Amino acid sequence: MTLTAERAAAPARPGPRPFGLARHSLALARRSVLKTLRTPEQLLDVTLQPIIFVVIYAFLLGGAVSGSTQEYLQFLMPAILVQTVLFGGMATGVNLNTDIKKGVFDRFRSLPIGRAAPLAGSVLGDLIRYLVAIVVLLGFGYALGFRVQTGPLQVLAACLLTVFFSFCVSWAFVLLGVLMREPGGVQGMAFIVLFPLTFGTSMVTPKSTLPGWLQAWLEINPVDHAMEASRALMLGGPAGAAVAWTVVSGLVFLAVFAPLAVAAYRRRA
């Protein structure tokens, strides 16, 4: 039998299964969700922390900025929603780094799954943190007197836009989780990145009251555009430009940091 005939007689190797990466990522996302539900103390940063922020801002700054706590809540709540969900995404990098240090990802490398599946699974699994943060924050805000001025569809759009933007930004934290050696280092570096992005905004005071150099920063700060989009969708007003800025900047975060995170993970693996 010739070599060509032997090759023809040999059984063909099965090709890669379609949607394998998506299936593996969803399976690992389920693992991440179950781990979070079994250790509910991991949700303190998206349950207790936003309540503390709202109380501090509303009752310390409300009278000075807006004249009353009730009126200030209308200005504050849509913006602090974006901040809270972004801070919740920081835990993705910390938990990922912890799993790597514990050797969990060594097991993943021995499995017949895509290299990017553990990273994508971690990010998708942490979407539950975003949902918890939104429910807690809006519920507490309504208890204090915050009221939406638009309709349910606009509120849903604001929440989905915030989740989408935070999902895209969280890939920067994934990259930190892969590169840093300790979970504490991931958290410290994430805070350094997040503070100018979240506090250098019009979250707690109107843009017109800020100095010129800070107003210039707000023009290019994607987080401020996300906050303005949330305000417009919840309180009314033109939202098109802010929503477009948020979507585009989110896609840029995703296009830049997701490939970098996967490449860094492959090198580390």
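Trainee: Leaving aside neighbours within four places in sequence, which residues is L194 in contact with?

Mentor: L194 is in contact with L86, F87, M90, F173 and F199 once those close neighbours are set aside. Bear in mind that this is a predicted model. What makes each of these a contact is heavy atoms within 4.5 Å.

Trainee: And where is L194, buried or exposed?

Mentor: L194 sits in helix α9. Its relative accessible area is 1%, and the cut-off for buried is under 20%, so L194 is called buried.

Trainee: How far apart are L194 and L86, in sequence and in space?

Mentor: They are 108 residues apart in sequence, but 8.1 Å apart in space, going from C-alpha to C-alpha.

Trainee: What about Q83: what does it touch, and how do you know whether to call it buried or exposed?

Mentor: Q83 has a relative accessible area of 1%. Anything under 20% is buried, so that is the label for Q83. Its place is in helix α4, residues 69-102. Not counting residues up to four places away in sequence, Q83 touches F53, Y57, T198, F199, M203 and M227.

Trainee: I see some aromatic names there. Which residues do ring pairs link into a cluster?

Mentor: The cluster is F53, Y57, F87, F191, F195 and F199, joined by ring pairs. For two rings to pair, their centres have to lie within 6.5 Å. The structure holds 10 aromatic pairs.

Trainee: Let's move to charges. How many salt bridges are there, and what makes K207 and E219 one of them?

Mentor: There are 2 salt bridges in the structure. For K207 and E219, the N to O distance is 2.1 Å. The limit is 4 Å, so the pair counts as a salt bridge. K207 is in the loop between α9 (183-199) and α10 (212-220), while E219 is in helix α10, so the bridge ties together parts that are 12 residues apart in sequence.

Trainee: Why are K207 and E219 labelled the way they are for accessibility?

Mentor: Partly exposed is the range between under 20% and over 50%. K207 comes out at 28% and E219 at 42%. Both values fall in that range, so both residues are called partly exposed.

Trainee: Why is the E228 and R231 pair called a salt bridge?

Mentor: The closest N and O atoms of E228 and R231 are 3.0 Å apart. That is within 4 Å, so the pair qualifies. Both residues belong to helix α11 (residues 222-235); being 3 residues apart, they are separated by about one helical turn.

Trainee: Which of E228 and R231 is buried, and which is partly exposed?

Mentor: R231 is at 7%, under the 20% cut-off, so R231 is buried. E228 is at 32%, which makes E228 partly exposed.

Trainee: R231 also has a ring below its charged end. Which ring is that, and how do you know the charge sits over it?

Mentor: The ring belongs to F75, and the charged end of R231 is 3.8 Å from its centre. The distance limit is 6 Å, and the charge must also be within 35 degrees of the ring normal. R231 is listed as sitting over the ring of F75, so that pair satisfies the definition.

Trainee: Staying in helix α11, what does S230 touch, and is S230 buried or exposed?

Mentor: S230 lies in that helix. At 1% relative accessibility, S230 is under 20%, so S230 counts as buried. Beyond residues up to four places away in sequence, S230 touches P78, L81, V82 and A158.

Trainee: Now the surface. Which residues make the nonpolar patch, and what makes V65 eligible for it?

Mentor: The patch is made by L44, L48, I52, I56, L60, L61 and V65, and it comes to about 590 Å². Patch residues need over 30% relative accessible area. V65 is at 32%, so V65 clears that bar and still counts as partly exposed. V65 is in helix α3, residues 44-66.

Trainee: And the whole chain: how many helices and strands, and how much of it is buried?

Mentor: The protein chain has 12 helices and 0 strands. Of its 269 residues, 45% count as buried. Its accessible surface is about 13,400 Å², with 69% belonging to carbon and sulfur atoms.

Key: Residues are numbered from 1 along each chain as its sequence is written. This is a predicted model: local features need pLDDT of at least 70, side-chain atom pairs count only at pLDDT 80 or more; totals for chains, interfaces and linings use all residues. Side-chain values use heavy atoms; hydrogens and water are left out. Patches are made of residues with over 30% relative accessible area and no salt bridge: like charges are joined within 9 Å, nonpolar side chains (Val, Leu, Ile, Met, Phe, Trp, Tyr) within 5 Å. Accessible areas come from the Shrake-Rupley method with a 1.4 Å probe; for residues, only the protein chains shown count as cover. A salt bridge is a side-chain nitrogen of Lys or Arg within 4 Å of a carboxyl oxygen of Asp or Glu. Helices (H or I, at least four residues) and strands (E, at least two) are DSSP runs, numbered from the N terminus. Buried means under 20% relative accessible area, exposed over 50%, partly exposed in between (1.4 Å probe, protein chains only). Rings of Phe, Tyr and Trp (its six-membered ring) pair if their centres lie within 6.5 Å; planes under 30 degrees apart count as stacked, over 60 as edge-to-face and the rest as tilted.
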